[in-house]
Amino acid sequence: MGIDGKAVDALGDERLDWRFKAIPVSAHGMTVAEARRARLPLDDFGTPLLTLDAGALGHNVQAMAGWADAAGLDLAPHGKTTMAPALWRMQLDAGAWGITIANLPQLRVARAFGVRRVVLANTLIDPAGLAWLAAELEWNPEFEFLCWVDSLRAVELMDDALRLTRAQRQVDVCVELGGPNGRTGVRDDGDARTVADAVRRAPTLRLAGIAGYEGALAHDASEEGRGAVDAYLRRLANLYEGLDFETGEPVVSAGGSAFFDQVAEILGALEGRIVLRSGAYIVHDDGFYRGISPFARGAGGAGSRLRSAMHAWARVVSHPESALAILDAGRRDLPFDQGLPEPQLVRGKGPEPLDGARVTALNDQHAYLVDGSPEIGDVVRLGLSHPCTALDKWTMIPVVDDADAGHPTVVDYIRTWF
């Protein structure tokens, strides 16, 4: 197993109390394991509330694992989406090669739960962080780590810091290739080769592959956007084939949750280990990813279509105008950077009372719902967009048996560390 199962199981010993939003008083003092066995009705939980759907999570994990296996790609899901070791274990148990994270604090969470193979999709140049990493690698021979570099200065800083710590194991790094108006990554292919040469000269580093992120170059699935992704991935493939690596099985890594079909098509024929880093797929959504996922465009067939596993629940607390209802969930509780929440149904009443309703704005603690007819006291289920900015607002997330049921039952609890 790629994670310490006993450490994950021990999360069941944590006691529920006032620290966790919307956990009912009736559950205070229970351990997570006791609450799990109690199978509390969702009606007992306060609002605002974020839930995950057990069936959707399981479906999404298996759909992506099956697709990656059929495509011949290794999957290192981006753990930053959930920062939930229990969900990481689901992904690793389904065959994931490793877990990707984005920064040093997330790396420490991964190691606290014994994740054996970690990809840091970023550059690590913090001297204290590198000292900690060097010790972690020395004390844990089974620990495999891989990170990025995109400049000569980054190589120099990493090498200097690791020399000072007298690092016993070389740190595996990938040269990161970027693109115009993208995020990080070397912009020029020739400069990328120069950075690769510098890595090979650094005694504390080992050139293990190349990597990049195509999602920064396109934000929709238009012909223009997909064309930009294709052009970038071809550059990544050409650079990979032209470099001399220092490991027996070099890595080429790309892929978010929007264009992984193109990653498979263009990088899949390369020799070596092709690592896909998609993360949002496990939760999916009712917004941005619903529209842009390759599965929504037909990749993998109808059985692979992902399902949104996250929903918010908010109560109508005011009806100050005939066409306006105010809900008790806002920006402190819900994601809004990739679209506003989508009213879907009234718990226990079905979708009819919300036909044509929409959320037009969020305040810190309130949502504005217009053109619906819920009554004061009704609990509205909201579809959400962008799981990466949803789960970070919740430290303990109830998992329901079926979010479409009239009165769902809570069957599990997911602990997050953001």
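This is a short walk through the cavities and cysteines of a predicted model.

Start with the enclosed spaces. The count is two cavities of 30 Å³ or more. The largest cavity holds about 60 Å³ of space. The second largest has a volume of about 30 Å³.

Which residues line the largest cavity? Begin with Glu176, Leu177, Gly178 and Gly179, which are among them. Gly182, Arg183 and Thr184 also belong to this lining. Further along the chain, Tyr213, Ala216, Leu217 and Tyr232 join in. By residue type, this lining has five nonpolar, four polar and two charged members. Glu176 and Arg183 are in the lining, and both count as charged because Glu and Arg belong to that class.

Now move to the second largest cavity. Its lining includes Ser257 and Phe260. Ala280, Tyr281 and His284 take part as well. Tyr289, Ser293 and Leu306 are also lining residues here. This lining divides into five nonpolar and three polar residues, with no charged ones.

Next come the cysteines. How many disulfides does the model have? The count is zero. Take cysteine 174, which is in no disulfide. Its nearest cysteine sulfur belongs to cysteine 147 and lies 8.3 Å away. A disulfide needs two cysteine sulfur atoms within 2.5 Å, so this pair does not qualify.

Is cysteine 174 buried or exposed? Cysteine 174 counts as buried, because its relative accessibility is 0%. Cysteine 388 has a relative accessible area of 15%. The cut-off for buried is under 20%, so cysteine 388 is buried too.

Key
Residues are numbered from 1 along each chain as its sequence is written. This is a predicted model: local features need pLDDT of at least 70, side-chain atom pairs count only at pLDDT 80 or more; totals for chains, interfaces and linings use all residues. Side-chain values use heavy atoms; hydrogens and water are left out. On a 1 Å grid over the protein atoms alone, a cavity is a set of points where a 1.4 Å probe fits but cannot get out, and a pocket is an open set with protein on both sides within 12 Å along at least five of seven lines; lining residues have an atom within 4 Å of a point. Grid points are joined across faces, edges and corners, and a volume is the space filled by probe spheres set on the points. Buried means under 20% relative accessible area, exposed over 50%, partly exposed in between (1.4 Å probe, protein chains only).
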